[in-house]
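Reader: I'd love a close look at one part of this model, with its surroundings explained step by step. Could you walk me through it?

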Amino acid sequence: MLIPKCLKTIRSCNMFEEGDRVAIGVSGGADSIALLLILHSVKRYLGIDLSVCHFNHKIRKESEKEALYVKRFSEDLGYSCYIEEWKSPAVSNIQKEARSARYKFFLEKAREISAKKIALGHNLTDSAETTFFHITRGERPLPIPTKTVMDGITIVRPLIEIRAEEIRGYLKKRNIHFCSDPSNSLAIYSRNKIRLAIMPEISKLNPNIVGALIKLGKIADKERDYFEGMAKKCGLECKVGDKVFSIPKLLAYHPAIIAHIIKEEGANFSQIEEILSLLTKTGRWRVDIGKGRWAVRKKDLLIFCKK
């Protein structure tokens with residue numbers, strides 16, 4: 001059932017075109033190993049060419065063994081494995097820095113081998129946890145996207161509609177080994193806490209919490225697409241110059257639309273709230289929006305400028 005479900009996602013999201021060269025990011029974990037196996041089994045049907053990329057973070061003692069395992073596993077399937085070692089591992093905010101370094105390598109290697117797509121192994125459970133993570137931060141509850149574009153290269157996630165337990169069941173049935181990251185069982189990172197402690201508790205209230213969060217995320221995603229299009233149109237109607245807006249025209253719209261227009265100029269939530277509260281006040285005022293920039297009222301104009 002796993003391969004048909006994956007193919008359905010690939011087709012419905014138009015992830016690949018015949019002739020695409022695809023770089024697969026493989027960590028050695030269950031999701032990426034399953035992704036490699038599935039794409040290997042359907043590559044002729046899809047008409048795509050595959051390459052494997054592995055980023056060795058060098059922050060755990062198991063890292064070298066995992067890199068060797070991915071290399072051998074890939075070669076057994078007939079693929080070269082491009083491996084990059086993290087030359088300057090972070091000492092703080094490790095997860096964020098590791099992700100940034102990993103994506104940088106994937107993008108550079110994709111360009112080097114003329115790959116138009118990068119395939120990653122994020123699954124449905126990951127997406128639900130990400131949606132919940134956004135909620136805890138007071139952000140729009142968006143899921144992991146099925147496709148994104150970074151530096152002109154499309155990143156696709158063929159497993160994004162398949163639950164983590166289904167993927168592990170697929171590998172277990174085929175007696176396929178995969179690497180386990182011991183740090184994933186440590187509740188010292190926010191995402192680990194969500195997966196290990198919070199999600200199991202919430203599932204007592206709703207056994208289908210993953211499905212509920214995915215539903216919420218999809219609704220938020222569609223509403224965002226519509227809202228951003230509307231806000232962009234309104235922003236153009238209010239714009240009277242480069243980073244200059246007519247305040248009377250802005251005030252004709254809902255505060256949510258105005259907030260989005262201001263956000264696009266680089267203001268954060270608290271700065272947006274302050275600007276909104278001042279828009280109806282006459283007289284000149286200014287708000288520091290960081291990075292050496294001001295939001296300034298001059299007559300009936302809202303101007304975003306450098307200090």
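Author: Happy to! Let's start with the term we will lean on: two residues are in contact when they have heavy atoms within 4.5 Å of each other. This is a predicted model, and the part I'd pick is Thr130, which sits in helix H5, residues 124-136. Setting aside residues up to four places away in sequence, Thr130 touches Leu142, Ile144 and Arg191. Is Thr130 buried or exposed? Its relative accessible area is 9%, so Thr130 is buried, the cut-off being under 20%. For a sense of distance across the model, take Ala295: Thr130 and Ala295 lie 165 residues apart in sequence, and their C-alpha atoms are 33 Å apart in space.

One of the partners of Thr130, Arg191, leads us on to a helix pair. Two packed helices are described by the angle between their axes and the distance between those axes. Here H5 packs with helix H7, residues 190-205, at an angle of about 100°, and the axes are 10 Å apart. Because angles of 65 to 115 degrees count as roughly perpendicular, H5 is roughly perpendicular to H7. On the H5 side, the contact is made by Ala128, Glu129, Thr130, Phe132 and Phe133. H7 brings Ser190, Arg191, Ile194, Arg195, Ile198, Met199 and Ile202. By character, the residues of this contact between H5 and H7 divide into 7 nonpolar, 2 polar and 3 charged.

Now for the wider setting. The largest nonpolar core has 36 residues, and Ile10, Phe16, Ile24 and Leu39 touch the most other members. Several elements give two or more residues to this core, including helix H1 (2-12), strand E1 (21-25) and helix H2 (30-46). H2 gives the most, with 10 residues. Around Ile10, leaving aside neighbours within four places in sequence, the contacts are Met15, Phe16, Leu39, Leu46 and Pro158. A second, separate core holds 22 residues, with Ala231, Ala259, Ile261 and Ile289 among them.

Finally, the cysteines. With a disulfide taken as two cysteine sulfur atoms within 2.5 Å, the count is 0 disulfides. Cys53 is in none, and its nearest cysteine sulfur, that of Cys81, is 7.5 Å away. Cys53 is also buried, at a relative accessible area of 1%. Cys179 is likewise in no disulfide, the nearest cysteine sulfur being that of Cys81, 11 Å away. Cys179 counts as buried too, with 16% relative accessibility.

Technical notes
Residues numbered from 1 in each chain as written. Predicted model: local features only at pLDDT ≥ 70, side-chain atom pairs only at ≥ 80, totals over all residues. Heavy atoms only, no water. Buried < 20%, exposed > 50% of the residue type's maximum accessible area, 1.4 Å probe, protein only. Helix = DSSP H or I, 4+ residues; strand = E, 2+ residues; numbered from the N terminus. Axes fitted to C-alpha atoms, helices over the stretch in contact; angles between N-to-C directions. Parallel < 35°, antiparallel > 145°, perpendicular 65-115°, else oblique. Nonpolar A, V, L, I, M, F, W, Y, C, P; charged D, E, K, R; others polar. Core = buried A, V, L, I, M, F, W, Y, C linked by side-chain atoms within 4.5 Å.
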